[in-house]
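Here are my notes from going through the model with the structure open. They are in numbered points, so you can jump around as you like.

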Amino acid sequence: MSGEARPVAPAPRRWLADEMLGRLARYLRFLGEDTSYVRGLDDREVARLAEEERRILVTRDRALARRARGAKLLTSGHLPNQLRELFLAFPDLPRTVRFDRCPECNALLERWPVPASSDAWPAELPKSRVLAGLDVWACTPCSRRYWDGSHATRIRSVVAQAAGGIPTP
Ligand SMILES: [Zn+2]
């Protein structure tokens with residue numbers, strides 16, 4: 001086998017973000033990408049996990065990147081630039097925020113039937129917007145609730161900044 005051979009990303013594509021890339025992992029999940037985030041494992045274990053789960057390892061650690069086939073080595077320490085590196089390297093990576101996956105645990109979100117009594121609502125849920133029909137999403141494994149708020153506006157603007165000027169494929 002040639003040393004030049006590059007493994008083809010499996011379909012559907014999945015990611016593994018290393019310990020230094022927790023924020024990037026959240027952003028990949030915002031884009032709808034299945035992204036594992038690992039901490040406390042040594043390089044060998046991280047590389048093995050990526051291989052076993054057929055995930056593209058994303059890392060800033062050159063030595064770690066060398067251990068995992070098809071790993072993407074990032075050079076920037078700055079989140080928007082890291083995203084930009086991924087947009088450039090993977091032109092089919094979605095550039096719009098989907099919010100269909102929990103940024104904390106990677107599980108797919110489900111629409112949360114908002115209870116009639118607002119006593120059961122998360123304290124920070126904007127009550128007037130819920131009454132006006134705001135959709136709320138739930139993560140079953142970690143019991144978090146999500147809705148489109150000011151944080152979503154910030155996230156969209158980071159993604160737009162990162163993808164700015166990159167031609168669509
Ligand atoms: Zn979750």
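**Notes on the predicted model**

1. Let's start with Cys102, which sits in the loop between H4 and S5. Keep in mind that we're looking at a predicted model. Is Cys102 buried or exposed? Cys102 has 20 other C-beta atoms within 10 Å, and 20 or more is what it takes to be called buried, so Cys102 counts as buried. Leaving out residues up to four places away in sequence, Cys102 touches Arg29, Ala107, Leu109, Cys139, Cys142 and Arg144. Take Arg144 from that list: it is 42 residues from Cys102 along the chain, yet their C-alpha atoms are separated by 8.2 Å.

2. Stay in that loop for two backbone oddities. Asn106, also between H4 and S5, has a positive phi of about 80° although it is not a glycine. Asn106 counts as buried, with 21 C-beta neighbours inside 10 Å. Phe99 belongs to the loop between H4 and strand S5 (110–111) as well, and its phi is positive too, about 55°, again without being a glycine. Phe99 comes out as partly exposed, with 19 other C-beta atoms within 10 Å.

3. Now the overall layout. The protein has 6 helices and 7 strands, and along the sequence they follow the pattern β-α-β-α-β-α-β-α-β-α-β-β-α. The C-alpha trace spans about 65 × 35 × 25 Å along its principal axes. Of the 169 residues, 24% count as buried. If you take contacts between residues at least 6 apart in sequence, 53% of them join residues at least 24 apart.

4. How is the chain divided into domains? The domain assignment gives domain 1 as 9–99 + 148–169 and domain 2 as 103–146. Their centres, taken over C-alpha atoms, are separated by 26 Å. The contact between them takes 8 residues from domain 1 and 4 residues from domain 2. On the domain 1 side, the elements that give two or more residues are helix H1 (22–30) and strand S2 (34–37). By class, that side of domain 1 has 2 nonpolar, 3 polar and 3 charged residues.

5. The largest nonpolar core is worth colouring in. The core has 26 residues, and those touching the most other members are Leu16, Ala17, Leu24, Leu28, Leu57, Val58 and Leu83. At least two core residues come from each of S1, H1, H2, S3, helix H4 (79–89) and H6. H1 makes the largest contribution, with 5 residues.

6. Which residues does Leu24 touch? Setting aside residues up to four places away in sequence, Leu24 touches Ala17, Val58, Leu79, Gln82 and Leu83. Pick out Leu79 from that set: it is found in helix H4 and counts as partly exposed, with 16 C-beta neighbours inside 10 Å. Ignoring neighbours within four places in sequence, Leu79 is in contact with Arg23, Leu24, Tyr27 and Val158. For a sense of distance, the C-alpha atoms of Leu79 and Cys105 are separated by 19 Å, with their positions 26 residues apart along the chain.

7. Helix H2 (residues 43–52) makes a nice example of a two-sided helix. Its buried residues are Val46, Ala47 and Ala50. Why do these residues line one face? Looking down the axis of H2, the buried residues fall within an arc of 95°, so they line one face of the helix. Turned away from that buried side is a face with the exposed residues Arg44, Glu45 and Glu52. The cover over the buried residues of H2 includes strand S1 (14–17), strand S3 (56–59) and helix H3 (62–67). Just after H2, Arg54 takes a positive phi of about 50°.

8. Last stop, helix H6 (residues 150–163). H6 has 14 residues and reaches 20 Å from its first C-alpha to its last, close to the 20 Å expected at 1.5 Å a residue. After H6 comes Gly165, with a positive phi near 80°.

Note on methods. Residues numbered from 1 in each chain as written. Predicted model: local features only at pLDDT ≥ 70, side-chain atom pairs only at ≥ 80, totals over all residues. Buried ≥ 20, exposed ≤ 12 C-beta atoms within 10 Å, placed from the backbone. Helix = DSSP H or I, 4+ residues; strand = E, 2+ residues; numbered from the N terminus. Arc of directions from axis to C-beta. Contact = placed C-beta atoms within 7 Å. Domains from an automatic or database assignment. Nonpolar A, V, L, I, M, F, W, Y, C, P; charged D, E, K, R; others polar. Expected span 1.5 Å × (residues − 1). Core = buried A, V, L, I, M, F, W, Y, C linked by C-beta atoms within 7 Å.
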